[in-house]
Amino acid sequence: MSKKIRKPIKKDKDFSGKILKILSQNANKPFNYKQIAAKLELDDTKSRNQIIKDLKLLAAQKKIIETEPGKYLVKAISQDYYEGTIDMTSRKTAYFICDEFEEDVFIPTNNLNRALDKDKVKVYVYNRRKGKRPEGEVIEVLERDKTEFVGVIDMQPNFAFVSTANPKMYTDIFIPKDKIGEAENGDVVLVKIEDWPKRADSPFGSVIRVLGKPGEHNTEIHAILAEYGLPSDFPVEVEVFAQKLDTSIQESEIAKRRDMRDTLTFTIDPKDAKDFDDALSFKKLENGNFEIGVHIADVSYYLEEGTILDDEAYQRATSVYLVDRVVPMLPEVLSNFACSLRPNEEKYTFSAIFEVSPTAQVINQWFGRTVIYSDQRFAYEEAQYIIETKDNTIPVDISITGESYIVSDEIREATLKLDELAKILRKKRMQQGAISFDKVEVKFNLDEAGEPEGVYFKISKDANHLIEEFMLLANRKVAEYIGKQKKTFVYRIHDEPNEDKLIAMQTVIAKFGYKIDFRTKGDIAKSINTLMEEVSGKKEQNLIDTLAIRSMSKAKYSTDNIGHYGLAFDYYSHFTSPIRRYPDVMVHRLLQYYLDGGASVDEEEYETKSLHCSNMENLATNAERDSIKYMQVKYMQDHQDEEFLGVISGVTEWGIYVEIVSNKCEGMVRIREIKDDYYTFDERQYALVGATSNRLLQLGDEIYVKVKNADLVKKQLDFHFLRRAE
């Protein structure tokens, strides 16, 4: 019989924490020192005496109560217990995020007690003394952030394990034999955690879906969606419901609306778009002003509250734009047909119509339901051609029809006048403190099988800004109209930037000779705009653009209007994209309800809905980002023998991140593989320093690299360091 291995004696403070944990987990049951010792598997006299001492001390500190001689209960509320969320690192440790602490509380691996990333937890906090970083232990997992995970299954004779590529998931998942389903060894699967027994190293789960073989295109795209809990298709009953909707245009409905069918109207969208949310109408008025209509698909007309179609749209909350596909919020019968403002078709719309002076002053405004007829569909490239050349003959190489064609003088003049007014509106916004982020977007040319053939960059030009400015105008004016009535509404809010992040950013950009003016809120905005202009077209542009965006707070939906810092608007909402965003649907419904004289709705209900929409937007953004990383890795797999010029975009103690100049793909060079010297990380200089040469490898330096490894499953690129760019 093997000798029982005893646990080592703990230090006093650790015993106190363990005692509190035991009592907290059994809040209604009093314990004596023997019962606590048994729970801790300690039976030596020294340990028992220490437990007795600690119990007396905790009682004296009023953290526990002696209910009868020698028996103790934890106090109902202890100042050392806090609720918050877990933020895992990739090193199997975590930080506890709680509003009551200025700095995050460190949680060592052995104190996680089965908590996973983003879980809501109850934590006991130690080391609250001044000058010491607080440290804590998870006492209880209150709520799992997620229970479904994507990973690769490793089959054993009578069970299986699933390991994920997520660096923040520190454990694999045990799958009993009867819960493996049809999965085969090496498959990518979606699993659900069902239990995590106290003495088990891994949680227990079951396979709920087989996604395919690792590295296959459809497998990896579906894995991205599944990882974030996003759907890949619609339930059959939802599709059937949508197909049965009457989408015909009825004279009886037209009679209830403002008829705009005779007003010149057109759309400007990406050339590959199928869902056209918005259209602009243009009319010259006799007084010299212009009537400009911002017409938005009237999704709320078809999407009735309380139906399975509306429930599904709310749960999705947003369309998801992956590199090779769109996962729409609404079924195709609505998103691409009934609601899409296609050319030469009558459509129901919800409109914001403005009388605008030649100096872009809004003289009058009107909001309500309309019917329109779109006279023309433009791609951004076609509208840009008209703006740049003033010509109305669209050449074949940019025409979406595949042939050269002539635009009417009326539409050409409307496009040019709208561009002129948009530029005035944009200039005013910038003068009022708006921040301009025209970040370069990476796009891929895909073949018929969805494989990447090439990379190109999408840059916003005047035609993009034209649409942007009038959408911003409609969003702002709708929010202002309701906001000034003090009625519950769904706003798009954006808080001021995080000053700590701005200071960290200043440290980085100073290496390139740039700076931020911190004197006032307006000075910060102005200096960030100046920075964006100065870095435009330079090697460090993408790095600094990324740092600037990360320093900003995240925009979100809320009924609590704090304004929109980035746009410098006191009131702002989302009104212009209801085909792809549920908050816009809510805004349409509320606006019509208030136009009809309705009283203010329940704020708490709409705050809950706003929070859900913000959360779903974040998940969709993460999925979109992962799909770009995946496609970049896939693209680089076919270019493994090529040398690339890259810019160092990050420096850490384990290596450098390098962004390739020609395609924005980012990968890592491990520090141990840079052979021209022995390098160490200098945190102060944010650089690697050569021990022999003292030469630096720092942010913004140009180097040549070659692909070492392209891992589609982890969506990671590893590079060989070749040489510096001299």
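**View 1. Helix α17 and a positive surface patch in the predicted model.** K629 is placed in helix α17, which covers residues 603-637. The structure shown is a predicted model. With a relative accessible area of 38%, K629 is partly exposed. On the surface, K629 gathers with K501, R550, K554 and R625 in a patch of positive charge. The value of 38% exceeds the 30% that patch membership requires.

**View 2. A negative surface patch that includes D375.** The residues D375, D409, E410 and E413 form a negative patch on the surface. Of these, D375 is found in the loop that lies between β20 (362-373) and β21. The relative accessibility of D375 is 31%, so D375 counts as partly exposed.

**View 3. The open sheet of seven strands.** The sheet is open and consists of 7 strands in the order β13-β20-β19-β16-β15-β14-β21, with mixed pairing. Its edge strands are β13 (258-259) and β21 (376-379), each of which pairs on one side only. In general, the strands of a sheet pair through backbone hydrogen bonds, in either a parallel or an antiparallel sense.

**View 4. Strands β15 and β16 and their hairpin.** Strand β15 (residues 278-284) runs antiparallel to strand β16 (residues 290-297), and 7 bridges join the two. The bridge partner of L280 is V294 in β16. S281 stands opposite G293, which also belongs to β16. The hairpin of β15 and β16 has 5 residues between the strands, and G288 takes a positive phi near 95° there. Strand β16 is mostly covered, with 8 of its 8 residues buried.

**View 5. Strand β19 between β16 and β20.** In the strand order of the sheet, β19 stands between β20 and β16. Strand β19 comprises residues 346-356 and pairs with β16 in the antiparallel sense over 8 bridges. Between these two strands, F290 has V356 of β19 as its bridge partner, and G293 has I353 of β19. Strands β19 and β20 also pair in the antiparallel sense, over 11 bridges. Here the bridge partner of I353 is W366 in β20. I353 thus appears in both pairings, as the partner of G293 and as that of W366. Strand β19 is mostly covered, since 10 of its 11 residues have under 20% relative accessible area and are buried. The hairpin formed by β19 and β20 has 5 residues between the strands, and A360 in the turn has a positive phi of about 70°.

**View 6. The hairpin of β24 and β25.** Strand β24 (residues 441-446) and strand β25 (residues 452-458) run antiparallel and are joined by 6 bridges. V442 stands opposite F457 in β25. There are 5 residues between the strands of this hairpin, in which G450 takes a positive phi near 85°.

**View 7. Positive phi in the loop residue K92.** K92 is found in the loop between β3 (81-88) and β4 (94-97). Its phi is positive, at about 70°, although K92 is not a glycine. The relative accessible area of K92 is 46%, so K92 is partly exposed.

**View 8. Positive phi in the loop residue A568.** A568 lies in the loop between β27 (556-558) and α16 (582-595). Its phi is near 60°, a positive value in a residue other than glycine. At 24% relative accessibility, A568 counts as partly exposed.

**View 9. The buried residue V189 in strand β11.** V189 belongs to strand β11, which spans residues 188-195. A relative accessible area of 0% makes V189 a buried residue. V189 and P214 are 25 residues apart along the chain, and their C-alpha atoms are separated by 9.7 Å.

**View 10. K521 in helix α14.** K521 lies in helix α14, which covers residues 521-535. With a relative accessible area of 47%, K521 is partly exposed. K521 and E702 are 181 residues apart in sequence, and the C-alpha to C-alpha distance between them is 34 Å.

Key
Residues are numbered from 1 along each chain as its sequence is written. This is a predicted model: local features need pLDDT of at least 70, side-chain atom pairs count only at pLDDT 80 or more; totals for chains, interfaces and linings use all residues. Side-chain values use heavy atoms; hydrogens and water are left out. Patches are made of residues with over 30% relative accessible area and no salt bridge: like charges are joined within 9 Å, nonpolar side chains (Val, Leu, Ile, Met, Phe, Trp, Tyr) within 5 Å. Accessible areas come from the Shrake-Rupley method with a 1.4 Å probe; for residues, only the protein chains shown count as cover. A salt bridge is a side-chain nitrogen of Lys or Arg within 4 Å of a carboxyl oxygen of Asp or Glu. Lys and Arg count as positive and Asp and Glu as negative; His and the chain ends are not counted. The place of a charge is taken as NZ of Lys, CZ of Arg, CG of Asp or CD of Glu. Helices (H or I, at least four residues) and strands (E, at least two) are DSSP runs, numbered from the N terminus. Buried means under 20% relative accessible area, exposed over 50%, partly exposed in between (1.4 Å probe, protein chains only). Two strands pair if DSSP finds at least two bridges between them.
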